[in-house]
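Q: Could you take me through the salt bridges in this structure, one pair at a time? I would like to know where the partners sit and whether they are buried or exposed, and then have a look at the surroundings.

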Amino acid sequence: MLPPIQTAWGKLSRTGDAITSWHPLVDHCRDVAACAEALLRLPSIRNRLAILAGLPDLPDLWIARISALSLLHDFGKANAGFQARSGLRATRVGHIDEAAPVLARADLSDALGLAEMDAWGASLDEALCAILAHHGRPADLSNATAHAGWWEPKDGVDPPATLRELSAAARDAFPTAFLPDGPDLPKAPAFWHAVAGLLMLADWLGSDETAFPHTDPADGERMALARERASRLLGEIGFDGTPARKDLPAEIRFDAVSPHTPSEIQRRAAEAPGPIVVLEAETGSGKTEAALFRFARLFADGRVDGLYFALPTRVAASAIYERVRDVVERLIPPGRRPSVIQAVPGYVRADGIVARVLPGFEVQWSDDPNEAGRRARWAAERPKRFLAGAIVIGTIDQALLGTVAVRHAHLRAFSLMRALLVVDEVHASDAYMERLLANLLSLHAGAGGEALLLSATLGAGARTRLLLAARRRLAAAAVPPPNVAADVPYPALSWVEDGQILTRGAAGRGNPKTVNLEASCAIDDPHAIARLALEAAEAGAKVLIVRNTVRGAVAVARVLTEANPNHPALFRINGVPTLHHGRFAREDRMMLDRAVEVAVGRERGPGGLVLVGTQTLEQSLDIDADLLLTDLAPVDVLLQRLGRLHRHTRPRPTAFKGARAVVLMPADLSGALARVAVGASGPHGLGGSIYGDLIGLEATRQLIDREATWEIPAMNRRLVEAGTHEAVIRELCEELAETDPHWRVAWMRRRGEDRAHTNAAVAAAIDWSAPFSEFRLHEEALGTRLGLRDAVIEFEEGDWIGPFGRAIRRLVVPGWWRDLADAVVSGARPVDKVPHEAGFSFRLDRFVLRYGPYGLQSLGEDA
């Protein structure tokens, strides 16, 4: 509406100091209520909430009552202090905590109609707390006295009259909600946690002025208009899968996701009952295609309305994005096809199109889409909205933020409920992340949500804990002993039925191979590693070197480059020798991923090559090496790396027709043991923050000593249990401690750390069994990876040109560079830029950094 403001307002638009348009509070509340009602009536959401309430279906009466309550969500804006904000010099008064007097004073609560709602059941208080959390945090209702003055009529503003107007609007829009009889609102705490997330999403949708423009008196009755727009909006943004389902073929065949004939395990993965399914199969066996086939079948059947594909790293998420997008384009014809979103904060990408984030959080898409096209990408434009997208590929961190007690966690968890959650590379989680994932699964599966966990190498303990996420007390007792665990079929699918874990073997589509492992004590000698790799490359081999740390990888890459700058076997981008790890700018990581798959992927060309990298090379990239050189790692990780060796059937150089892996390790682990026993980190990530279980590493080393030839995948299950099962590790510890008591100290320290990390996760996670009214945000900054708070260096527009010729806009400072990360968080800006032949250096606070062919490097403090 055009000024002047004539009644209580909910939204304002300004140009400079002048108000150009205003939206009545009651109409904004109608918009949000229409969105909440539309969400509640989606079959997938209705089903999930009914299950949380312990019912086969959600009663229409409850839908009406929750919708009516959602219309009251912004009743706090009726206070005189908030309404005065239409003036330029008014005190900034909020509307969430300021709502407390309405709940504390009988005259105000009666004006809002709450006395009549008391008949809805004891859970009304939970419902009110849930709707007041629509900005992503719980309201603080503890100090009604402090805000009481704002609720007295003042300067033409009459808060009680506005409350009565909102109450009348709720009764008018949802008359059945106020019928005298019917079941009380549910008591289940998880139900109200989910409703809180629903209101957060409804408020965000109803506040979108492109979908719900400010009231125009010529538009007619607002509630009818809001309902029509809300229903259409859910389809446009892809939250409702019904429109896209209309264009699906009558039968979903495997060739919709892959040109290959499906293996037995891929077919069975689509048919497993769920809701949590664990798929274990060797690397290269088509687990990604199996996941997409399961999604296609579930989506076609209406059992899910979306997909969130969670990868362990940003690099892995970028690598798999195009594969998923290609499947979606083959599966769903254009027209109603939902957007495919890459969920990486700071990087806006949907349908292959990249956007720029402008000041004021505006987003500029490079293809300048029309309104419908932009609406389809709505979820891509803010990280907090990622999980509300239809088809989303991102990191596991975005999903886990739905279970950590931070702002908008409930929005994420609720949005995820209607989607198939696929978690890839599950073995990579530590105790902290595993516990967070179990907590997320307890709500997701507890609501009937679907989840598929993918792993090449999942131990019995982790598999049991994740499958029994909602039954934590049973999980420890349910872990089978080592001999039984080693006999579990592989490849296999597992799920829970009648409280018991069922595992069924099924043939995969992998490439069985015999790998000869050779132990080498060259882990500290980058020159020896480089020499061995170059000799193999000169014999025509594609050589993959995987190191546990960026420092170790850079050391080998530097030797290769400095000693042989023009050698044709060096991996290059635009002619610049380089390596692959996660400490490159996003612009360059995309180039690196593409170049890796061209150089050593399925369609690789002839000739020798040396590619150096870190764990980023072992996850999700389709790499096919002739020779692998790898640092010692836990057996499950080592098997993952071996999956990049002889991945496809093809002709190979004569000396490399058999698969061969050189495992780089110390002569013994005594040096690392001595450091770990006093609380320090061992070298090369052995016994440190990367691979902290030194006894597990020793178990892997002994496995290699005992059996230098591994049959993959026939030995996978036995190898994993022999190197990771808790009982095996405990027995090995006792054996080692007989000659060196430091092993027992290391084991006890590791056990203590795991217990502490698990306890930290429990403290950080939302307790879905506790009443929502007791929910509080965590007082400390929390992350999805323990102790890790990455910081982002933003560069001004200009000639910050990276090593491969691209302009660099931002660089991520890893959280373990604590002093430097703290400097970035404190506002330090990059200065004193010095261009180099490939990249640039700069100063940030007291630190000097360089960004070049080896990625981001700290050169230390500026003396």
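A: Let's begin with Arg 30, which forms a salt bridge with Asp 27 in this predicted model. The closest N and O atoms of the two are 2.7 Å apart. Both residues belong to helix 1 (residues 25-40), where they lie three residues apart, about one turn of the helix. In general, an α-helix has 3.6 residues a turn, so residues three or four places apart point the same way. Are these two partners buried or exposed? Arg 30 counts as buried because its relative accessibility is 18%, and the cut-off for buried is under 20%. Asp 27 is buried as well, with a relative accessibility of 7%.

A second pair within a helix is Arg 558 and Glu 562, whose side chains meet in a salt bridge at 3.5 Å, N to O. Helix 25 (residues 550-563) holds both of them, four residues apart, again about one turn of the helix. Here the partners are not buried: Arg 558 counts as partly exposed at 31% relative accessibility, and Glu 562 counts as exposed at 56%.

Salt bridges can also share partners, and one network of this kind joins Glu 37, Arg 41, Arg 46, Asp 57, Asp 60 and Arg 227. For the wider picture, the structure holds 56 salt bridges.

Now for a pair that lies in loops. Arg 377 forms a salt bridge with Asp 367, and their closest N and O atoms are 2.8 Å apart. Arg 377 is in the loop between helix 17 (371-376) and strand 9 (391-395), while Asp 367 is in the loop between strand 8 (363-365) and helix 17, with the two positions 10 residues apart in the numbering. Their surroundings can be read from the accessibilities: Arg 377 counts as buried at 6%, whereas Asp 367 is partly exposed, with a relative accessible area of 36%.

Next, a helix with a buried face. In helix 14, the residues Ile 265, Gln 266, Ala 269 and Ala 270 are buried. Why do they line one face of the helix? Seen down the axis of helix 14, the buried residues fall within an arc of 140°, so they line one face. Among the elements that cover these buried residues are strand 3 (276-280), helix 15 (287-300) and strand 12 (492-497). In the loop between helix 13 (242-245) and helix 14 (264-271) you will find Asp 255, which counts as partly exposed at 46% relative accessibility.

Finally, have a look at the open sheet of six strands, with the order 18-15-19-20-14-21 and mixed pairing. Its edge strands are strand 18 (609-613) and strand 21 (709-712), each of which pairs on one side only. On average, neighbouring strands of this sheet are turned by 20° against each other, direction ignored. Strand 14 (residues 513-520) and strand 20 (residues 659-664) run parallel and are joined by six bridges. Within that pairing, Ala 519 stands opposite Val 663 in strand 20. Helix 26 (residues 586-600) lies across strand 15 (542-546) and strand 18, and runs at about 145° to strand 18.

Methods
Residues numbered from 1 in each chain as written. Predicted model: local features only at pLDDT ≥ 70, side-chain atom pairs only at ≥ 80, totals over all residues. Heavy atoms only, no water. Buried < 20%, exposed > 50% of the residue type's maximum accessible area, 1.4 Å probe, protein only. Pairing = 2+ DSSP bridges. Axes fitted to C-alpha atoms, helices over the stretch in contact; angles between N-to-C directions. Contact = heavy atoms within 4.5 Å. Salt bridge = Lys/Arg side-chain N within 4 Å of Asp/Glu carboxyl O. Arc of directions from axis to C-beta.
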